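Here are some notes for a colleague who is starting to read protein structures. Please keep the sequence and the model side by side while going through the points.

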Amino acid sequence: MSFWPTVAVATPAHGGLAQTLSYRSESPLAPGTLVRVPLGSREVLGVVWTCTDVPPQDLEPAQARPIGAALEGLEPLNGRWRQLVQFAARYYQRSLGEVAMGALPPALRELDNTQLQRRLRRLATARAGTGNGSSGAPTPVNIPMVSTDQERALAALAQADRPVLLFGATGSGKTEVYLRATEQALAADAKAQVLVMVPEINLTPQLEARFRERFEAGFGAGALVCLHSGMTPPQRLQAWLAAHAGHARIVLGTRMAIFASLPGLRLIVVDEEHDPSYKSQEGARYSARDLAVYRARLETDASARCQVLLGSATPSLESWHAAAQGRYQRVDMPGRIGGGELPRLRLVDMNHQPKGALLAPALLAAMQTRIGRGEQCLVLLNRRGYAPVLSCGACDWKSSCPHCSAYRVFHKIDRTLRCHHCGFTQRVPRACPDCGNLDIVPVGRGTEQLEEQLGALLADVRRPDGSPVRVARMDADTTRAKGSLEAQLDALHAGEVDVLVGTQMVAKGHDFRRITLVASVNADAALFASDHRAPERLFALLMQAAGRAGRDARHSSASEMWVQTWHPQHPLFDALARHDYPGFATAQLADRQAAAMPPFGFQALLRADARSQQAAQAFLNGAAAAAAGLPGSDQVTLYPAVPLNIQRVANVERAQLLLESDSRPALQSFLAAWQPVLLQARSLPEARGLIRFAVDVDPLTV
Ligand code: ADP
Ligand code: ZN
Ligand code: ZN
């Protein structure tokens, strides 16, 4: 007797949204079983989706190819995991196979049964080595008494029947709430698992250390694993297997971790839930935060419940709105641990500063005072490199990238011009390539230059022990090497740095104890960006940055957040000065409502990459023209195609088309019905030169 499994395999991009492929098997296979199957001339990994003893109608039984070997020793992926994957594929308009395979660690695809058995044995040994596996109590080292606010938050979480939005000031002790909530979930059930997500890899070491300190002694080292893209493929595989087998009780990870197989999932924590990094910008453009909310609901049934805890000092407007509507439960922790105060805002009106001044004299003086007292300063500039562009004073030459519609950035440290979009890098020319002029000059400033100039401006300042000031820089360039971020953070914590210059990566999440002054040097661009989310992001960034200051109550009374701006009257600063996120959110939501923008309306983008801008737009407009009459189309507005802000990257022209609707279901059914139209529009003669297209549902930038 034969059986007829359908299997999700990684289908080639643009193969359409074919959901699964059909095979033949001599024995029944449980859905969720990992199998190897023939695909073309290769053999690939797949997940059994269904299996019946009735041959599928669209397949001649004789033509069905026999399925390969199942991976032995692995429990099938459970129904809830499969439902999550299926939902994500449908909602974000990708093929099931692509999402399913993307959710598995890449190394699993390469594995044969012998290798897998070796890995599973290693997992078992590792587990045996760590002693009491499942239900240890955490040893009481460094466990603080919970504050009243924290206690209230935990009580609310224990009662909540919906997602909990933890609105906690920076330094209010949100992490302690995550730790306690984890402890409670693990204690309630010997098989319980907890997923804790952070927006960026560089926040994982600090969080991992805190979780290890709390749980390792009681649960064993193997009970906590990380999942993020900074790990090697074997490390990721091992962590994934531990989670899938249930040995790993706590999984810490970045957005990809939302797809981990966690058979005992009881709590999902999303830290800094407002962070745009939770939205994937390639492949299936999913939002890990939104999927966390969906997954928690999936994992809840009559026998068990899974909770979701979203934490932030500046929640996303989506979550804020959901809480206002009662779909989420909001819990506030307004006060800082230890009673420290949030820093005072000092706005510097750049219209009244000496011409060309990098830092206002008053700001510089304030920094000198702090350094003299042995305190630390953090200076933010959201642009790495030395200068964003080099320019010739004699002719019109600028350091454009030949492959992109963008300038190459001058990096003085290795005297290169680097394109931050395509990576194209060259040595800085000695003279202007166009006219031979020797005087080519940097225009504008990046972190490298700020570091250099601050070093010069502060050269005469002494620390309390009489030694000179130490200025350091932290950005994507200085933290690229493995371990360098940790080393730099250690140096900062050890007080070896007085002034830290950095991009937004230093503004997030870190618990710096001795920083009492934070300065944002040039944030104005975001005030007038066309992107309707720019103010929200700027506000969050400045609040987060301010949150790095005064975290130690001993220094906090005088901590300050300086912002240099040409537009000090902007209402955003008013709310910022009062640390008034609710006021800011209310005003933003009113604007959004008036414009029918998210979360009051729903959006999607169709994006196209092509050899020419014309072809990209022709494809988009062609697809739009063919959309009339599709289900949902009467409730969906399609706008004309436009070039992206940075129109050309690596010689590829980019364009997009915005879709809006008041109804999420209408937008969803429209998008589903539109897929075959998109495949057809690819072959329009005007669209020749189209390279790829993608749908982005709930896009973050439009
Ligand atoms: P947040 O994540 O909200 O910015 P953290 O969780 O990093 O804040 O907490 C800020 C600081 O307060 C940390 O150094 C943490 O160890 C400390 N802390 C948190 N909760 C308590 C508590 N209940 N008692 C004493 N210290 C605490
Ligand atoms: Zn020139
Ligand atoms: Zn480029």
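1. Ala 650 is a convenient place to begin, and it is found in the loop between strand E25 (642-649) and strand E26 (652-661). Although Ala 650 is not a glycine, its phi is positive, at about 50°. Its relative accessibility is 40%, and so Ala 650 counts as partly exposed. When reading these values, please bear in mind that this is a predicted model.

2. A second alanine deserves the attention given to Ala 650, namely Ala 596, which sits in the loop between H17 and E23. Ala 596, which is not a glycine either, has a positive phi of about 55°, and with a relative accessibility of 34% it counts as partly exposed. As background for a newcomer, most residues other than glycine have a negative phi, and most peptide bonds are trans.

3. The loop that holds Ala 596 also contains Pro 599, since this proline is placed between H17 and strand E23 (602-610). The peptide bond that joins Pro 598 and Pro 599 is cis, with an omega of about 5°. I would suggest looking at this bond together with the positive phi of Ala 596, as both belong to the description of this stretch of chain.

4. Which residues does Arg 592 contact, once its neighbours within four places in sequence are left aside? Arg 592 belongs to helix H17 (residues 581-594), and its contacts include Pro 598 and Pro 599, the two residues of the cis bond. The other contacts of Arg 592 are Leu 317, Glu 318, His 532, Arg 533, Glu 536, Met 597 and Phe 600. With a relative accessible area of 3%, Arg 592 is buried, the cut-off for that word being under 20%.

5. Turning to the metal sites, the zinc ion (ligand 2) has as its protein donors the SG atoms of Cys 392, Cys 395, Cys 432 and Cys 435, which lie 2.2 to 2.4 Å from the ion. The angles among these 4 donor atoms run from 105 to 113°, and the site is tetrahedral. Along the chain, the donors of the zinc ion (ligand 2) follow the spacing C-x2-C-x36-C-x2-C. Cys 392 lies in strand E14 (residues 389-392), whereas Cys 432 lies in the loop between strand E17 (425-427) and strand E18 (440-443), so this pair ties together parts that are 40 residues apart in sequence. Both Cys 392 and Cys 432 are buried.

6. The zinc ion (ligand 3) is coordinated by the SG atoms of Cys 401, Cys 404, Cys 419 and Cys 422, at 2.2 to 2.3 Å. The arrangement is tetrahedral because the 4 donor atoms around the zinc ion (ligand 3) subtend angles of 106 to 113°; the range that counts as tetrahedral is between 85 and 135 degrees. Here the spacing of the donors along the chain is C-x2-C-x14-C-x2-C. Are Cys 419 and Cys 422 buried or partly exposed? Cys 419 counts as buried at 4% relative accessibility, while Cys 422, at 28%, counts as partly exposed.

7. Ligand 1 has 18 residues around it, of which Met 145, Gln 150, Gly 171, Lys 174 and Asp 511 come nearest. Several backbone atoms can be checked against the oxygen atoms of this ligand: a backbone N or O atom of Lys 174 lies 2.9 Å from one such oxygen, a backbone N or O atom of Thr 175 lies 3.0 Å from one, and for Ser 172 the corresponding distance is 3.3 Å. Taken alone, ligand 1 exposes 560 Å², and the protein buries 79% of that area.

8. Leu 77 is placed in the loop between strand E4 (42-52) and helix H1 (79-91), and it is buried, with a relative accessible area of 0%. Not counting residues up to four places away in sequence, Leu 77 touches a set of residues that includes Pro 31, Val 47, Leu 104, Trp 240 and Ser 261. The C-alpha atoms of Leu 77 and Glu 151, which are 74 residues apart along the chain, are separated by 36 Å.

9. Finally, Asp 698 lies in the segment after strand E27 (690-697). The side chains of Asp 698 and Tyr 91 are joined by a polar contact of 2.8 Å. Leaving aside neighbours within four places in sequence, Asp 698 is also in contact with Lys 279, Asp 290, Gln 603 and Arg 664.

Terms used: Residues numbered from 1 in each chain as written. Chains lettered and ligands numbered in written order. Predicted model: local features only at pLDDT ≥ 70, side-chain atom pairs only at ≥ 80, totals over all residues. Heavy atoms only, no water. Donors = N, O, S within 2.8 Å, 3.2 Å for Na, K, Ca; no water. Tetrahedral: all angles 85-135°; square planar, octahedral: opposite > 155°, others 65-115°. Helix = DSSP H or I, 4+ residues; strand = E, 2+ residues; numbered from the N terminus. Buried < 20%, exposed > 50% of the residue type's maximum accessible area, 1.4 Å probe, protein only. Contact = heavy atoms within 4.5 Å. Near = heavy atom within 4 Å. Polar contact = N/O pair within 3.5 Å; in protein donor to acceptor, adjacent residues only side chain to side chain. Areas by Shrake-Rupley, 256 points an atom, 1.4 Å probe, with all protein chains shown as cover.
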